[in-house]
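Me: I've got a model open here and would like to walk through it with you. Can we take it one piece at a time?

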Amino acid sequence: MPNKLEAVLGMARGCERCYVMPMIKVYKDICKGCELCNYACPMHILGMSKELNTKGYFYAIMVDPGRCIGCAMCALTCPDVAIEVGVLGTRYALYEY
Ligand code: SF4
Ligand code: SF4
């Protein structure tokens, strides 16, 4: 568990480890670049990278992390389970829903 200072810093930064604010993690080398998550996100805060992953695909990226509401539509939509969502200190992967 993050201590209070880490939690506050996590809020400010969207800290990947703390998961205090909603945020996602894209496993870029699993992503096949289908863009379904981009279309599924109600906040329109996902985009695609300008570089290729190890499979040779442009992969999904978070463009505006401060606006993520943690709805997990991106993770639920991804056919390759390449996205994980963290909300309020809890990490959710698709298989946990
Ligand atoms: S959790 Fe919801 S708001 Fe956040 S990136 Fe995914 S679809 Fe968008
Ligand atoms: S839905 Fe999954 S595989 Fe498709 S672009 Fe998004 S993260 Fe990549």
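**Talking through the fold**

Buried residues account for 24% of the 97 residues in the protein chain. Keep in mind that this is a predicted model.

Me: In what order do the helices and strands of the protein chain run from the N terminus on?

Reply: Start with the tally: the protein chain has three helices and five strands. Read from the N terminus, the elements go α-β-α-β-β-α-β-β.

Me: What share of the contacts with a separation of 6 or more comes from residues 24 or more positions apart?

Reply: Here we set aside pairs with a separation below 6 and look at the rest of the contacts in the protein chain. Among these, residues 24 or more positions apart make up 52%.

Me: Which element gives the largest share of the largest nonpolar core?

Reply: That core has 18 residues, and I24, V26, C37, C74, A75 and I83 touch the most other members. At least two residues each come from β1 (23–26), β3 (58–62), α3 (73–77) and β4 (83–87). The largest share is three residues, and the element that supplies it is β1.

Me: Which residues does I83 contact, leaving aside neighbours within four places in sequence?

Reply: I83 is one of the core members that touch the most others. With sequence neighbours within four places left out, its contacts are I24, V26, C37, C74, A75 and C78.

Me: How many residues of β4 are buried?

Reply: Take V85, which sits in strand β4. V85 counts as buried because it has 24 C-beta neighbours inside 10 Å, and the cut-off is 20 or more. The strand is largely enclosed by the rest of the structure, since the buried residues of β4 number four of the five.

Me: How far is the C-alpha atom of V85 from that of G70?

Reply: Along the chain, V85 and G70 are 15 residues apart. In space, their C-alpha atoms are separated by 6.7 Å.

Me: Which residue of β4 is the bridge partner of K25?

Reply: The strands to look at are β1 and β4, which pair in the antiparallel sense over four bridges. In β4, the partner of K25 is E84.

Me: And which residue of β3 partners L46?

Reply: β2 and β3 also form an antiparallel pair, with four bridges. Their hairpin has five residues between the strands, and G56 there takes a positive phi near 90 degrees. The bridge partner of L46 in β3 is M62.

Me: N53 caught my eye; which residues does it touch, not counting those up to four places away in sequence?

Reply: N53 is in the loop between β2 and β3. It counts as partly exposed because 18 other C-beta atoms lie within 10 Å. The C-alpha atoms of N53 and I30 are separated by 8.5 Å, with their positions 23 residues apart along the chain. Beyond four places in sequence, N53 touches K28, D29, C31 and Y59.

Me: H44 has an odd backbone angle; is the residue buried or exposed?

Reply: Its phi is near 55 degrees, a positive value in a residue other than glycine. H44 lies in the loop between α2 (36–40) and β2 (46–52). It has 11 C-beta neighbours inside 10 Å and the cut-off is 12 or fewer, so H44 counts as exposed.

Me: What about A72, buried or exposed?

Reply: A72 is not a glycine either, yet its phi is positive at about 70 degrees. You'll find A72 in the loop between β3 and α3. With 21 C-beta neighbours inside 10 Å against a cut-off of 20 or more, A72 therefore counts as buried.

Me: On to the ligands: how many charged residues are in the shell around ligand 1?

Reply: The shell holds 14 residues, and the closest are C41, C68, C71, M73 and C74. By class, 13 are nonpolar and one is polar, while the number of charged residues is none.

Me: And how many charged residues are in the shell around ligand 2?

Reply: Ligand 2 is surrounded by 15 residues, with C31, C34, C37, A60 and C78 the closest. Both α2 and β3 supply at least two residues of this shell. Sorted by class, the shell has 10 nonpolar and two polar residues, and the charged ones number three.

Key
Residues numbered from 1 in each chain as written. Chains lettered and ligands numbered in written order. Predicted model: local features only at pLDDT ≥ 70, side-chain atom pairs only at ≥ 80, totals over all residues. Near = placed C-beta within 6 Å. Nonpolar A, V, L, I, M, F, W, Y, C, P; charged D, E, K, R; others polar. Core = buried A, V, L, I, M, F, W, Y, C linked by C-beta atoms within 7 Å. Contact = placed C-beta atoms within 7 Å. Pairing = 2+ DSSP bridges.
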